[in-house]
Each structure stands twice: as C-alpha cells, then as structure tokens.
Amino acid sequence: MKKLLLFFVSLAALATGCREEDPDGPNLNDLFGEFNIVQDIAPSQTSIDFAADGVLFFNGELSKSTNWVINLVGANTGAERNLTGFERILSSETAAWDGGANTFPAFGLEDVYVTITFPNEDGAPTINDTITITGAKVDAGQLITSFESGFGSQWTRFNQATVVGDIDCNTGLSAKGNCHYSFNGTVGWDWAIGSVTINPESGNFGLPASASNLYFNMAFKALENVGPANSFILFWFDEDDNGDGNFDEATEDRFTYEYWSQDSSWTVISKEYSTLQFDEEGLTVETNGNGLPEPGKLVSINVFFLANPMNGNSRALVDHLIFTSGNPYTP
Amino acid sequence: MHRKIILLTIALLPLFVLGQRKKFQVNGAARAYFFANTLDIADDIDTVTTRAANYGQTLLDLGISVFPNKNTEVLGMFRIRNDLGGFWGGGVSFNVRQLTLKGVAGNVVRYELGDIDLSMTPYTLWNFREEGVVNEADVFALRRDIVYYDMFYIDDNWRMQGGRAAFGLEFANVIEGIEFDGFLTRQRPASGTTEPERLYGGGTVTLRQSDDLSLAFHSVNIFDLAATIPDSILYKNNVHTLELNYTRDLNENVAVGLSAEAGVSSARYINYTDPRAPEAQNEWFYDAGITTGLKKLGITAKLAYKDVGADFLSPGAQTKRIDYSRFPGLYQQFTNAGIGRPVSYADFISGNTENSFRISEQLLPYFSAYANTNPYGLATPNRRGIYLDAERTDSTKFRSSFLRVAALTQSRGTGTDELKNFLLVEAGTDLYLNDFWGGEKDLKLDLGLRFENTSRGGEVFETIDLTSTFIDAGLSWEFVPRLDALAGAKVWSVSGNSFVNARNRFNLIENFETVNYDFTENALAAGLRYRFKGDNTLSAQYQRSSIAHADEALADYAISQMTILFSLNF
C-alpha cells in the first residue's frame, strides 16, 4: 500500500513538471493594463539615404501590446506610408521602413513628417518627429521608364488633333521622380485620346524568358473623365516571335490588357505577364503568333488612353513602367 | 496446475428479463401539470412584457415490453402529449420516446440496441449535475425530477442511440475475472455540407483480482465519418484512462484504500480551413487519493489530489447540462430595451433552460457566479489541487450527511502567469427531527451550504476576488398520513469580479470579458404533496424566484409560479 502510494505520488510529481506554462488566451495586460510609454519612440536616424543605408526603423517600448500607427508623409510629394503594429517593443523587427509609400506618389528627396498614434488608448499622447530623405529607395525590378530621361529615340506617340500628349516635368504631380507622361484634351468624336509607344533602344527589353511570376506595373492617374465607365488605359504588348528584330502584327503576338479608371488618385496597375493570354472569362485569347506570352521577346509596349467622348475634356497621367518578379510593384 | 475459465454475463440492467414468463408487459408514466407564471418587475423599466404566462399539459408515456423469448426484451415507449387548451388535435403530439432491444446472446453476451444509457467514469463519460443543488428540498426536487425524466438524466448517464455489448471471463487463479463492456453510438447524422456524421464509441476492460482490487482500462472516442459530406473536415477525440481501486480492511471497523484514475486525451481537427484550428490538442490528467471507511460511524471519505491539464478535452465528461449562452424559454426577453433574460438556476427547476441531450465537442459556457471550481465536473480542465469527499449515514436523526472540500488552482494561467485559486466547500445533512422524540411521521429538515471563493493576485487589472454563498434548505413534514407539507429555500449571494473566457469553436480562449457581480438570487417555495401508493403523487406548490442586484443599472425581477402537478407511474 505504501509503495503504491509512493509510486503514484512520484509519478504525479514527475508529470506535473512537464507541461507547457504559457498562459492561455490574450495577455490581460494588453487588454486591461494601463498604457504608458516606457521608452521614448524615436527613429534610428533622422536623415537617411535608403539606397545606402537600407531601412530606417523606430525604437521604443510601451507598457503593453496595443495598436500603434506610424504615419509618414512626404513634405513635398505628399507621399504617405503607414506602419502599423501591435507589439510592445518597437524595433527593427517590428517598425522598419524601407522608404516605400502605401501607393503612388512615391517619396522623393524631401523631409518626412512622422506622427505616431495609439488608436485604442484613450488619452495616449501623439508623437511628432521629422526625418529627411537624402537618397530614395531603390526599386527591385526592371525599370522600363519613369519618363525622367525625356522622350526615347525609338518611341512613337499618337495624339488626336485636340490633345496634348507629352512628358511633363517638375509639376509636382509625378508618381515617382520629377516627370511623368500626360494626356490632356477634348475629343468629342472618338474614344481614342492618345498613346505613347515605348520601344527599347535596340533589340528587346531584356526581360526574362519565363512569364510566370513576372508582373508588369505602371502608375496611372485619371484626372478628368474619370470612372469605370468613362476612361481606360489599353496596353499593347508586342512580341517579336520570329526574332527578326521587327514586330509583324499579322504573324506575331500582340497581347492586350485594359484597365478602367476607378478614381482620381494614383493607382498601381499590375498584371502578371503570363495571364495576358487569357481574357476575363479565363478563355485563351486569339493572337497571330505562337500565342505564348514570352517577355524575353517583348519589343514594344503601347500605352493608349481612351475616354468617353460624351464627357468633355479627358486628362490622365502615367508614370513608372516597371517589371517585377514574384510580386506586384509596391511604390 | 488446473485453470478454469468460465464465461459469464455481466448485468447491464436488472436481470428481470431472465425467467420472464409474460409475453408482454405494459408500463409507463402519466403526468398532468399546470403552471401559472407571473413576472414581477418595476413598471418604470418594463412596460412591454406581458406579466402573466400560463401553460400546462397532460402527457402519457406508454411503454410496452415484448418478450419474444426468455432472453430478449423489446421495449417501445410512446409519448402522447396534449397541451391544456388544445382542442381536437391542436397542441397534441405523438412521439416515440424510447425504443430498445436488449437481451443475452448465447447465454454469454448481454446486449442492448437502440436507446441506451451510458456512463463510465468522471473523466471519460459522465453526466455531472447542474448548478443550484446542494441538498435540495423535496418541494424543488419534485419539479426537477420532471426535467431529469424528460431529458433522461438518470444518475450520471447520458442517453444515446446505438449498441452496447458486455461479457466476462472468470478465472480460478490469480485474478477472479475480466469484464468487457463496449458500446458504439451515433451522435448525429451528416448535416448539410459542413457537419459529417459522428459516432461515439468506447468501452471498459476490467481486471478484477478480488473484491478489493481491480484495474480497469477505459476508452471513449469521437470520430467523424469521412465522405459523409462533400468537405473532408473531421473531428476526432480520444480519451484513454486507467483506473485502480484497492481497499483493505484493517480491522472489523476500519477499511482503507487507494483510488486512482489517470489518462490522456487527444483532440484533432483534420482538414479544417479555419486557421485557428489547432492540429492537435494532447493532454493528460491524474486523480489519486486514499479512501477510508469507518463502519461503526457510518463514514466514508476520500482525500485525493488531482491534476487535469488545461488542454484536457473529454466531451463525454465535460458536457454541461445547461447551455448558459441560451436564454430561458419563459420571459425570454424583458425590460423596455428588450434585453435577453439571463439563465437562472431556478429556470432549470421549471424546465425553461436549454438542456444538452447529447455530448458537445465544445466546452459550453458557464456562469462564473455559480461555479468556478468545477464548472465542467471533476474533469474540468486546468485544475489541480486537493479535495475531500466525506459522507456519513445513520439510521436516525442526521440520517445522511456529507462534506465536500476542494482547494484547487489552475495548472496554467489564463491571460497572465498569475494562477486562479479556488476554494469550494459544500456541506449538507438530512435531519429527521421526529427522531428526537420518536415520532413515526417524518419531519425532515434538508440543510445544504455551498461556499466558493475564486481569487487571483497580481497587478490591479488582473486580480480576482469572487465569493459565492449558496444556501439550499427545506422542510418536509408528513402532518397527516401520506400528506406532506413542503417548504424550501435557495438563497444565492454573489459578490466580486471575474474574467469570463470567450472560447472559439476549437475551445481556445480568444478573449476575456470582465464582469462584476453583486446580487442575491432567491427561490422560495411551499406546497402540499399527497403520496399515493408507489411513486404517484399529487402536489400543489407556489414558488417565487427573484434576483436583486446592487447595481441599479441591472434589472431586478421576480417570477412567481403556481404549479399543480399530478404524477403517476405504473
């Protein structure tokens, strides 16, 4: 009897010591604890060259895990980025900024106003700070053009007689950098407003052979005649299937994609290149070449702005054509 | 060495079938009752709720047992119910209440098919009692028994549908015998595209060395059947335990022993797309203690230590009878704001709560003002500590008494590293006052007390101090032959704060709700009961249940009920 009892007591003591001890459920301190800032929240540096330095991050410590928002606004561009989190410790792990924006416009070389808030904490202070960008973020991807270097020698353009279509610089309206391409005019007889055809200086754009996980991206902003029934961008992606250095519409692939404007803010149009061969219903589109999207053979991108002729003046901006791998472009 | 093995049958139920000569037998029960309810609530907070609600019914449960042969019984029971006020079919229902086939196959295997009652151990399959009962007066028990009867809450059993078989082997040496008892039940059919058909099965193998020493292996298992719905989600739960019971007589008056059960549980959610679904939840428990019996004093006691892990999931043993998340059937909404009326323990007595009729894979919500120490019975997860169960029986005066004490803590914190502490004391006695002067007619006093304190230390935002005191008392006096005067009182006072766990469908805590209690809830009843021969009774009683909050923002109210009940068993 004593031995049995001893056996069970020993077994119980052994078993009790080997359980997971982490509490169940959310942390009560986070839910009901008092909020205060244990260590002031500050940027890792007040001036940053993203190309050279990488990322900027914020350091700080709170008394509890709670929602925090770091709002970053470019003083000149109006570019905006929100960093959000629920962590108690703000650090390079939880509050890092790579210089990107939520969407276009992107940040330029400018001062950035920092505002830190805690939306779930009544009476919590708002923290303000300023950072200076001395070097912009380097985009991952293959840039086709950001219209910063003028009209390309191999490019062509079409504008209706009443339309002005050209590169505009230093207007403060660009999505990224100082320049963009602008369409502006009234065409009461036709949907076609204008287009710009972007060709490489020679050969093709040097894109990878595989279309999988390759995204075409462009910044688009409709300013007049806006809305999903009123204006759209039509892209032509022309491929030199036979490799003779020319595109022949009768025998080679021209993939098209149209994007209707939604509102008057900058929008990132992103399209996975491999999906160009399918229409909205998922059916294979008819082309005159081999029918395969082959970015390595891409020799021309035509950006065509069209708008409802009944609505008066039409105006739109496009900027920053770039191919990215793996994911759509983030400004 | 000569060894003998003898097959024998094990009694699942009384062996009245054997030797039965009748071809059929009629039995059953009949009941008629009328409830007249009145809501008492201040006019300034409720001008919309109809104050009076009356209902009643007569019903007949007619059971027919057919005996095709001496080893087989087929029992069918039909329920005919007629709401008072119905007319020519209005409010009339006719249902099959029970259908069971049972018998002994080959004089070896005892079996049951159809509606069967199952119970194993408090950690595997056990229908533990609801809150609001310590040592209940007859005036309340009269009505509670109706709910038990309707819901098949017979002792610790769950009523299920399926099959059960049992047999035993008897040995001449080393051990007396081995007993096998297994069952398989269907918990639900497939429903829609998201609920696969569910079975529940298990059994017990008992090695009996002697009347003093036995070792049993218990297993209960929930398993969904694949391909019964288009989706392939499956829930599985397994609980396996070992139970040891040993007693030894030290002398003619004193016996000591050891009682222990230990085991593991495993819950798995297979092919669930919900990212919150855990792959598996594995846990263990043990409950071991010493027992003693003092025969001269009529005392039996058990002092034990238990440790039930936070992830221990045993639906068969943890399903609550009352679903506290559902509003009661009577005065479901009240006040001018139309708020739902919270469930009270008094609603169970009146049969107005949403009661479980099958086991639940989810831990049903509990009301922390009523119970914190063992809200899911002895198998409540995340509890460890000592407890004492002692009983004393006597032939006179204090004929039946008990004391139960538990001092437990959590084994894992909830939302914090600080652990909750629980102290529970329950005591009661049936005092026959007539024994003091030798009166033949019983004058019985039921006394019961329950005290519970829940506490947690730490920072201000996480501390808990909740005290709950419950008095359960009553009187039963046979003042003329067969006619009893009945009275009873239940008084529940609660004050303090608590954090209510909000669990998701996978039993994981997702949030905590802070609540503060400061209320007194009473149920007072009085009536008369006339006992006919057998269990047949006619009673009339008046009950008033009320709740009064210290917080003026909460609605105080009372419900009065006048009940006439005629209960007949044949």
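# Notebook: a predicted two-chain model

**Entry 1. His549(B).** I began with His549(B), which I found to be partly exposed because 15 other C-beta atoms lie within 10 Å, a count below the 20 or more that would make a residue buried. I note that the model is a predicted one. The residue belongs to strand β24 of chain B, which covers residues 537-549. I then asked which residues His549(B) touches, not counting those up to four places away in sequence. I listed Asp518(B), Phe519(B), Leu554(B) and Asp556(B). I also took the separation from Ser360(B): the two residues are 189 apart in sequence, and their C-alpha atoms are 32 Å apart in space.

**Entry 2. Chain B as a whole.** I turned next to the chain that holds His549(B). I recorded four helices and 25 strands for chain B. Along the principal axes, its C-alpha atoms fill a box of roughly 85 × 60 × 60 Å. I compared the radius of gyration with the rule for a compact globule: for 570 residues the rule gives a value near 25 Å, and chain B has 25 Å, so the two agree. I noted that 32% of the 570 residues of chain B count as buried. I also looked at contacts in chain B between residues at least 6 apart in sequence, and 62% of them join residues at least 24 apart.

**Entry 3. Where the chains meet.** I then examined the contact between the chains. I recorded 19 residues of chain A in contact with 26 residues of chain B. On the side of chain A that touches chain B, α1 (2-16) and α2 (28-32) of chain A each supply at least two residues. Which element gives the most to this side? I found that it is α1(A), with six residues. By type, I divided the residues of this side of chain A into 11 nonpolar, five polar and three charged.

**Entry 4. A sheet in chain A.** I followed an open sheet of five strands in chain A, with the order β2-β9-β8-β4-β5 and mixed pairing. I noted that β2 (47-49) and β5 (80-85) of chain A stand at the edges; each has a single partner strand, so one side of each is left without a neighbour in the sheet. From one strand to the next, the twist averages 25°. I looked within the sheet at β4 (residues 68-74) and β8 (residues 111-117) of chain A, which pair in the antiparallel sense over six bridges. I picked out Val69(A), whose bridge partner in β8(A) is Thr117(A).

**Entry 5. The nonpolar cores.** I counted 61 residues in the largest nonpolar core, where Phe305(A) and Val318(A) touch the most other members. Strand β19 (residues 298-307) of chain A provides the largest share of this core, eight residues. Leaving aside neighbours within four places in sequence, I found Phe305(A) in contact with Phe183(A), Ile193(A), Gly194(A), Ser195(A), Ile233(A) and Ala316(A). Apart from this core I noted another, of 33 residues, including Ala267(B), Phe285(B), Tyr286(B) and Leu378(B).

**Entry 6. Phe304(A).** I closed with Phe304(A), which is found in strand β19 of chain A. Is Phe304(A) buried or exposed? I recorded it as buried, because 20 other C-beta atoms lie within 10 Å. Leaving aside neighbours within four places in sequence, I found Phe304(A) in contact with Ser195(A), Ile233(A) and Leu234(A). Phe304(A) and Trp236(A) are 68 residues apart in sequence, and I noted 8.1 Å between their C-alpha atoms.

Definitions and conventions. Residues numbered from 1 in each chain as written. Chains lettered and ligands numbered in written order. Predicted model: local features only at pLDDT ≥ 70, side-chain atom pairs only at ≥ 80, totals over all residues. Contact = placed C-beta atoms within 7 Å. Nonpolar A, V, L, I, M, F, W, Y, C, P; charged D, E, K, R; others polar. Pairing = 2+ DSSP bridges. Axes fitted to C-alpha atoms, helices over the stretch in contact; angles between N-to-C directions. Core = buried A, V, L, I, M, F, W, Y, C linked by C-beta atoms within 7 Å. Buried ≥ 20, exposed ≤ 12 C-beta atoms within 10 Å, placed from the backbone. Rg over C-alpha atoms; globule rule 2.2 N^0.38 Å.
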